[in-house]
Amino acid sequence: MEKIKVDVAWCDKNFGASLGDNVPGAVVLAAKTYEELLREVPETLRFHVEGMLADGDDVPQWLIDGDYEFEYNLIDVATVLRAYEPFVSLAAISRASGINQHQLSHYANGLKQPRPQQRQRIVDGIHKIGRELLAVV
């Protein structure tokens, strides 16, 4: 099974995505929410493949057969924070990560870029929240 890398970014109040180099042609899309983007990626790829086939382009068999899976790459902290904001607040991430909520807001709005250590603390904080939710019986 082939993996298709999907780079996702928060761009001007929308999520934008581009599909990896193993997909012929340029495939980009945008959506208002991360959830909507996740629904649109497979549909957009199917439409792209149909168009390539109709145009007589050379299309890899694995792509025609649907023998692939998507691997989503949230490229920066603003994208991570925006993708999960329907499920967890900046205040909760602040408590779990130990990073000031005001600072998280700057990251979420793209005003500042965190150092790699700060990014890892944010991801670890989100994972901590997830583990706590999974522990609910």
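These are my notebook entries on a predicted model, going through its sheet, its helices, its loops and its salt bridges.

**Entry 1: the sheet**

I began with the strands. What order do the strands of the open sheet take? I read it as E3-E2-E1-E4, 4 strands with mixed pairing. E3 (28-31) and E4 are the edge strands, since each of them pairs on one side only. Going from one strand to the next, I get an average twist of 25°.

Then I looked at how E2 and E3 are joined. They run antiparallel, and 4 bridges hold the pairing. I wrote down two positions in E3: Leu29 sits opposite Ala17, and Ala31 is the bridge partner of Phe15.

Which residues of E3 are on the covered face, and which on the uncovered one? Leu29 and Ala31 are on the covered face, while Val28 and Ala30 are on the uncovered face. That fits the usual pattern, because side chains in a regular strand alternate between the two faces of the sheet. The two E3 residues I had noted as bridge partners, Leu29 and Ala31, are on the covered face.

**Entry 2: H3 on the sheet**

Next I asked which strands H3 touches. H3 packs on the sheet and is in contact with E1, E2 and E4. Its direction makes about 90° with that of E1.

**Entry 3: H3 against H5**

I stayed with H3 (residues 77-84) and turned to its packing with H5 (residues 101-108). The axes are 7 Å apart and the angle is about 105°. The band for roughly perpendicular is 65 to 115 degrees, so H3 counts as roughly perpendicular to H5.

Which residues meet there? From H3 I listed Val77, Ala78, Leu81 and Arg82; from H5, Leu104, Tyr107 and Ala108. Sorted by class, this contact has 6 nonpolar residues, 1 charged and no polar ones. The charged one is Arg82, and I come back to Arg82 under the salt bridges.

**Entry 4: H4 and the glycine after it**

I checked which residues of H4 (residues 90-97) are buried. They are Ala92, Ile93, Ser94 and Ser97. What do they pack against? The buried residues of H4 pack against H3, H5 and H6 (116-134).

After H4 comes Gly98, and I noted that its phi is positive, near 80°.

**Entry 5: the E1-E2 loop**

Positive phi values also turned up at residues other than glycine, so I went to look at the loop between E1 (2-11) and E2 (14-19), where Asp12 is placed. Asp12 has a phi near 50°. Lys13 lies in that loop too, with a positive phi near 70°.

Are these two buried or exposed? Asp12 has a relative accessible area of 69%, so it is exposed. Lys13 comes out at 65%, so it also counts as exposed. The cut-off for exposed is over 50%.

**Entry 6: salt bridges**

Last job: charged pairs. Side chains of opposite charge can pair when their charged atoms come close. How many salt bridges are there in the model? The count is 4, and I wrote up some of them, as follows.

- Lys3 with Glu69: the closest N and O atoms are 2.5 Å apart. Lys3 is in E1 and Glu69 is in E4 (residues 68-74), so this pair ties together parts 66 residues apart in sequence. Lys3 is partly exposed at 46% relative accessibility, and Glu69 is partly exposed at 33%.
- Arg39 with Glu35: here the closest N and O atoms are 3.3 Å apart. Both residues lie in H1 (residues 34-54), 4 residues apart, which is about one turn of the helix. I have Arg39 and Glu35 both down as exposed.
- Glu85 with Arg82: the closest N and O atoms are 3.5 Å apart. Glu85 is partly exposed, with a relative accessible area of 43%. Arg82 has 17%, under the 20% cut-off, so Arg82 is buried.

That brings me back to Arg82: it is among the H3 residues that meet H5, and it also forms the salt bridge with Glu85.

Key: Residues are numbered from 1 along each chain as its sequence is written. Side-chain values use heavy atoms; hydrogens and water are left out. Axes are lines fitted to C-alpha atoms, for helices over the stretch in contact, and angles run from 0 to 180 degrees between N-to-C directions. Angles under 35 degrees count as roughly parallel, over 145 as roughly antiparallel, 65 to 115 as roughly perpendicular and the rest as oblique. Contact means heavy atoms within 4.5 Å. Buried means under 20% relative accessible area, exposed over 50%, partly exposed in between (1.4 Å probe, protein chains only). A salt bridge is a side-chain nitrogen of Lys or Arg within 4 Å of a carboxyl oxygen of Asp or Glu. Two strands pair if DSSP finds at least two bridges between them.
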